[in-house]
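Me: I have a model open and want the reasoning behind its labels. Take me through it, one term at a time.

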Amino acid sequence: MLVGSWKDSQTYVCIKQKACADCGMVSFLEEYPNGEDFTEETLLAKIRHWNEDKAVHGILVQLPLPKHIHEERILSEVDQKKDVDGLHPANMAKLFSTATHAGAFKLNWNDFTSIPFHIPCTPQGCIKLLNRINDCQGIDIEGKNAVVIGRSNLIGMPVAMLLLHRNAMITIVHSCTKNIENIIQQAEIVVAAVGRANMVQASWLKPGCVVIDDGINSVDAPDTKRGYKLMGDVNYAEAKEVCEWITPVPGGVGPMTIAMLLRNTWNSWRRATGQIEG
């Protein structure tokens, strides 16, 4: 569901629809471009309808929503089993529970397809990228000193929790952190999700570290066809000379976010059809 006429949101939705088509998933879009004239109750009614529709296995409300609509109320209305964005409060609460490390509630955090609830797509994509790096070069998450830059509910906090579930040592830095450069310099894994173009300089990074850049910032570029270009939170041109691995922007975390959305939807269908538990 797309409410409003933000160009970025329209672009993201088109990419998601194309990805669904490419892998054989049926998707449909409810679009309300006049977002300011759209009522919260209308949106809630549509979500309730999809919650009851057995043919629907995933519901995604594209964020941000217009200011007059309460985002938390909307996200809470989505059936948590169909919440393929992983943003329902119940799914977030499960992610933040450390009871999943022992006893009857123990989960295998090395295999997201076995987790019986939805995990936010971008943080999940970050861990998938780190897993691939480990496959290629044996850089395991466990025991590593990881610094997450940013504390948002969308990326910073959930990715920190996922790293903790994989037994990394976590530090979260943010706008009020003192000596932020010194803290980042100690990190073997850096996840940047602060929304400030080129904030992280090469001099801030430990040689040989791994950098996952979640930032996507529009920067004016009058000489280009679009008049702007996309940049990450890390100064890629300089940092790539210091890091062992670094994700580019665009083309790094973004495609993984889409892939994890599709995987969440696939898992939702598998649970609904009794192929896996959850």
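Reply: What follows covers the sheet, the helix packing and a few backbone features.

Me: What kind of model is this?

Reply: The model is predicted.

Me: What makes β3 and β4 a pair, and in which sense do they run?

Reply: Pairing requires at least two bridges between the strands. Strand β3 (residues 145-149) and strand β4 (residues 169-173) share five bridges, in the parallel sense. Therefore they count as paired. In register, N145 faces M169 of β4. Between the strands the chain passes through helix α6 (residues 156-165), and this β-α-β crossover is right-handed.

Me: What makes β5 and β6 a pair?

Reply: Apply the cut-off of at least two bridges again. Strand β5 (residues 189-192) and strand β6 (residues 210-213) are joined by four bridges and run parallel. So the pair qualifies. Here A192 sits opposite D213 in β6.

Me: In what order do the strands of the open sheet lie, and which are its edge strands?

Reply: The order is β4-β3-β5-β6-β9, five strands with parallel pairing. The edges are β4 and β9 (245-246), since each pairs on one side only. Helix α5 (residues 121-137) packs on this sheet and touches β5, β6 and β9. The direction of α5 makes about 150° with that of β6.

Me: Why are α1 and α9 called oblique?

Reply: Look at the angle. The axes of α1 (residues 7-22) and α9 (residues 253-272) cross at roughly 55° and come within 10 Å. Roughly parallel needs an angle under 35 degrees, and roughly perpendicular needs 65 to 115. The value of roughly 55° fits neither class, so the two helices are oblique to each other. The crossing of α1 and α9 is right-handed. On the α1 side the contact uses I15, K16, A19 and C20; on the α9 side it uses I258, L261 and L262. Those residues divide into six nonpolar, no polar and one charged.

Me: Why are α5 and α9 called roughly perpendicular?

Reply: The α5 and α9 axes cross at roughly 110° and come within 8 Å. The perpendicular class spans 65 to 115 degrees. The angle falls in that range, so α5 and α9 are roughly perpendicular to each other. From α5 the contact takes in C121, T122, Q124, G125, C126, K128 and L129. They meet V253, M256, T257, M260, L261, R263 and N264 in α9. By class this contact has seven nonpolar, five polar and two charged residues.

Me: Why are α5 and α6 called oblique?

Reply: Their axes come within 8 Å and cross at roughly 40°. Under 35 degrees would count as roughly parallel, and 65 to 115 as roughly perpendicular. Neither applies to α5 and α6, so they are oblique to each other. The crossing of α5 and α6 is right-handed. P123, Q124, C126, I127 and L130 in α5 meet P158, V159, L162 and L163 in α6. The contact of α5 with α6 counts eight nonpolar, one polar and no charged residues.

Me: Which omega values go with the cis peptide bonds L63 to P64 and V249 to P250?

Reply: For the L63 to P64 bond, omega is about 5°. P64 is in the loop between α2 (40-52) and α3 (71-77). For the V249 to P250 bond, omega is near -5°. P250 is in the loop between β9 and α9.

Me: What is the phi of N179, and where does N179 lie?

Reply: N179 has a positive phi of about 55°, although N179 is not a glycine. N179 lies in the loop between β4 and α7 (180-184).

Technical notes:
Residues numbered from 1 in each chain as written. Predicted model: local features only at pLDDT ≥ 70, side-chain atom pairs only at ≥ 80, totals over all residues. Heavy atoms only, no water. Axes fitted to C-alpha atoms, helices over the stretch in contact; angles between N-to-C directions. Parallel < 35°, antiparallel > 145°, perpendicular 65-115°, else oblique. Left-handed = near helix turned anticlockwise from the far one by under 90°. Contact = heavy atoms within 4.5 Å. Nonpolar A, V, L, I, M, F, W, Y, C, P; charged D, E, K, R; others polar. Right-handed = clockwise from strand over helix to strand, strands pointing away.
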